[in-house]
Amino acid sequence: MRILFLTHSFNSLTQRLYAELSARDHEVSIEFDINDAVAEQAVDLFRPQLIVAPYLRRAIPESIWAKHVCLIVHPGIVGDRGPSALDWAIQDGEAEWGVTVLQAEAEMDAGPVWATASFPMRRGRKASLYRSEVTEAAAQALIEAVTKFAAGGKPVPLVQTNGCGKLRPLMRQTDRAIDWQRDDSATVLRKIDSADGFPGVADQLSGEPCHLFDAWPEAKVSRGDAPPGAIIGRRETALLRATADGAVWIGHVKRKDGIKLPATVAFAEQASKLPELPLDSWWSASHTTWQDIRYEEADEVGFLHFEFYNGAMGTAHCDRLRAAFEWARGRPTRVLVLMGGADFWSNGIHLNLIEQSASPADESWANINAIDDLAEAILRCDDKLTVAALRGNAGAGGSFLARAADQVWVRDGVMLNPHYKNMGNLYGSEFWSYLLPPRVGSEGASAIMQQRLPMTARGAVAAGFYDACLAGDQAAFLADVARRAAELASVPDFVDRVRDKQRRRAADEAAKPLAVWRSEELEHMRRNFFGFDPSYHVARWHFVRKSPQSWTPRHLARHRELGWNIPA
Ligand code: COA
């Protein structure tokens, strides 16, 4: 079928649904929801048999839904209605939640139901649940709905379902407000989780208005004599704040009229006066606390976790991770697994930190060099086998950083964006020009870079870019990774494998040193950062400020391609 996606943006859920339907031989084209006239034009051009709205922030115009079946993907259980579905589900402590695919009609979210899928809730940020459980359930429900539609099936009127959801209003900041005198840590965490990544909880730090994000529990540090709400310490980029019964960490903050930043950067002056509350090593702390980089070991396998918010890796993140990597290399293990974080493995250099720096061009340069140093450390690790295990999504430089490991294992369901051009024609580094072509061929590499389309985990393995696609379920994936890594550490020919690896690296180095690959890439990056064409700086400016879209990129809106033939 020809299926048109009407969507606010090409976010990860939309990417996943696009990939699922394309893999089932549907012809999918995308139009961003700019205004009614543009949407109507897209429908006229593409003549879709079905319209899907994976992520819309406003209603589809009647001129479209009255003539075409439009399937809305709603992140709520059957009967749930309103724009803050997940926010309420988290705040109300729902034990189970779901996604419903319903048909657009005059009344918002009240159309007949095509399909639904449910999942158990867990403690987590709204954006984390959205990228994981909601995306899985949406894929399942949409495939069911599309199959039913293609077979001539009909939806069930909402009143005939047993749905127990209800109409709920937009959640306002008054519903989210934290009462620092009364709210215990669990309540504070729930409130911030339900607003994360957008819009955050409106609050104040040191008397300055701001929005709070990225809350972590703290099990050990007591608030002592500090009153609830007081900031009592810092660790790396996070601030520890007293609650009614303990304390919670605040990882990210957005100041009034500012962009989202690590808390100690947004409130640098105040943070500099706070006591540092360091952990004494890279080892995983024995209690629940804020720890963005942590190491665990099981026999001859080391696991290095790095839980960087949004997968963004600034200069200091890269430097610290490289220090942790070098330390882990010194451990008496045979295999080192780079685990990334639960939601993201890495999305490359930290565009927000770059944006807020005094010189974004200089900071871009420092950041790309720091991430290249890390990639190089992984590539030069010649005494262990290394694995990148991707539980979460990876994009741009992050997806190539993973390729620096000897093997890359990826969780089924993960979405990858192994290309840079969307960020103002950025050339990219992280040794992609050395790592990608041997895997996918030079034509394959240039297609991946030019097409700028997302890749599924299975697609990446089929293309030869990554090595294995493992279980989709998070717990099953972790168990699979641990088992496979232990097997790798105990293969009888382990020593030969390491020697092979050393020989291959030496041969590659003789053919063309890593330093040359790096300096060739960085020459292009220097032009991107310091050259006369400001595209990268402009694209970054819009990206970090989330400027509304004003057109759909040509590579997504196939119906707008020159030469597109209107189907009969
Ligand atoms: N630096 C800073 N923040 C980043 C980031 C980066 N490199 N990559 C993603 N983010 C942030 C987004 O701004 C967003 O922030 P929010 O919490 O305020 O909403 C959040 O991470 C999630 O990103 P989003 O774009 O909504 O996720 P997605 O899953 O739909 O898309 C990507 C994933 C990777 C396609 C997209 O985030 C992207 O293009 N990132 C930029 C990658 C890049 O160009 N890196 C620099 C070159 S190495």
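Q: Domain bounds come from an automatic or database domain assignment. On those bounds, which domains each give at least three residues to the shell around the ligand?
A: The model is a predicted one. Its ligand shell draws at least three residues from each of domain 1 (2–164) and domain 3 (293–475 + 484–530).

Q: How many residues surround the ligand, and which are the closest?
A: The ligand is surrounded by 21 residues. Ser12, Lys260, Asn310, Ile349 and Leu351 are the closest of them. By class, the shell comprises eight nonpolar, 10 polar and three charged residues.

Q: What makes the approach of Ser12 to the ligand a polar contact?
A: A polar backbone atom of Ser12 is 2.9 Å from an oxygen atom of the ligand. The cut-off for a pair of N or O atoms is 3.5 Å, and 2.9 Å falls within it, so the pair counts as a polar contact.

Q: What makes the pairs at Lys260 and Ile349 polar contacts?
A: At Lys260, an N or O atom of the side chain is 2.8 Å from a ligand oxygen atom. At Ile349, a backbone N or O atom lies 2.8 Å from a ligand nitrogen atom. Each pair is within 3.5 Å, so the Lys260 pair qualifies, and so does the Ile349 pair. As for cover, the protein takes up 85% of the 860 Å² of accessible area that the ligand has on its own.

Q: How many aromatic pairs does the structure hold, and why is the pair of Phe10 and Tyr18 classed as it is?
A: There are 17 aromatic pairs in the structure. The ring centres of Phe10 and Tyr18 are 5.6 Å apart, within the 6.5 Å limit, so the rings pair. Their planes stand at 90 degrees, which is over 60, so the pair is edge-to-face.

Q: Why is Tyr18 called buried?
A: Its relative accessible area is 12%; buried means under 20%, so Tyr18 is buried. Phe10 is buried as well. Tyr18 lies in helix H1 (residues 12–23). From Tyr18 to Cys70 the C-alpha separation is 15 Å, with their positions 52 residues apart in sequence.

Q: What makes Trp283 and Trp327 an edge-to-face pair?
A: The centres of the two rings are 5.7 Å apart, which is within 6.5 Å, and the planes meet at 85 degrees, which is over 60, so the pair is edge-to-face. The two residues are 44 residues apart and link distant parts of the chain. Trp283 is in the loop between helix H9 (268–272) and strand S13 (293–298), and Trp327 is in helix H10 (residues 315–329).

Q: Why do Trp283 and Trp327 count as partly exposed?
A: Partly exposed runs between the 20% and 50% limits. Trp283 has 32% relative accessibility, so it belongs there. Trp327, at 29%, belongs there too.

Q: Which residues do ring pairs link into a cluster?
A: The cluster consists of Phe400, Tyr420, Phe465 and Tyr466.

Q: How do you know that the bond between Asp196 and Gly197 is cis?
A: Omega of this peptide bond is about 0 degrees. Gly197 sits in the loop between helix H7 (185–193) and strand S7 (201–205). A cis peptide bond also joins Phe198 to Pro199, again with omega about 0 degrees. Pro199 is in the loop between H7 and S7.

Q: What is notable in the phi of Arg452, and why is Arg452 called partly exposed?
A: Phi is near 55 degrees, a positive value, and Arg452 is not a glycine. The residue is in the loop between helix H15 (437–451) and strand S21 (455–456). Its relative accessible area of 24% lies between 20% and 50%, so Arg452 is partly exposed.

Q: Why is Lys546 called exposed?
A: Exposed means over 50%, and Lys546 has a relative accessible area of 64%, so the term applies. Lys546 is in the segment after helix H20 (535–545). Its phi is positive, about 55 degrees, although it is not a glycine.

Q: Why is Ala445 called buried?
A: Ala445 has a relative accessible area of 4%, under the 20% limit, so it is buried. Ala445 is in helix H15. Its C-alpha atom is separated by 9.6 Å from that of His419, 26 residues apart along the chain.

Note on methods. Residues numbered from 1 in each chain as written. Predicted model: local features only at pLDDT ≥ 70, side-chain atom pairs only at ≥ 80, totals over all residues. Heavy atoms only, no water. Near = heavy atom within 4 Å. Polar contact = N/O pair within 3.5 Å; in protein donor to acceptor, adjacent residues only side chain to side chain. Areas by Shrake-Rupley, 256 points an atom, 1.4 Å probe, with all protein chains shown as cover. Nonpolar A, V, L, I, M, F, W, Y, C, P; charged D, E, K, R; others polar. Phe/Tyr/Trp six-rings, centres within 6.5 Å; stacked < 30°, edge-to-face > 60°. Buried < 20%, exposed > 50% of the residue type's maximum accessible area, 1.4 Å probe, protein only. Helix = DSSP H or I, 4+ residues; strand = E, 2+ residues; numbered from the N terminus.
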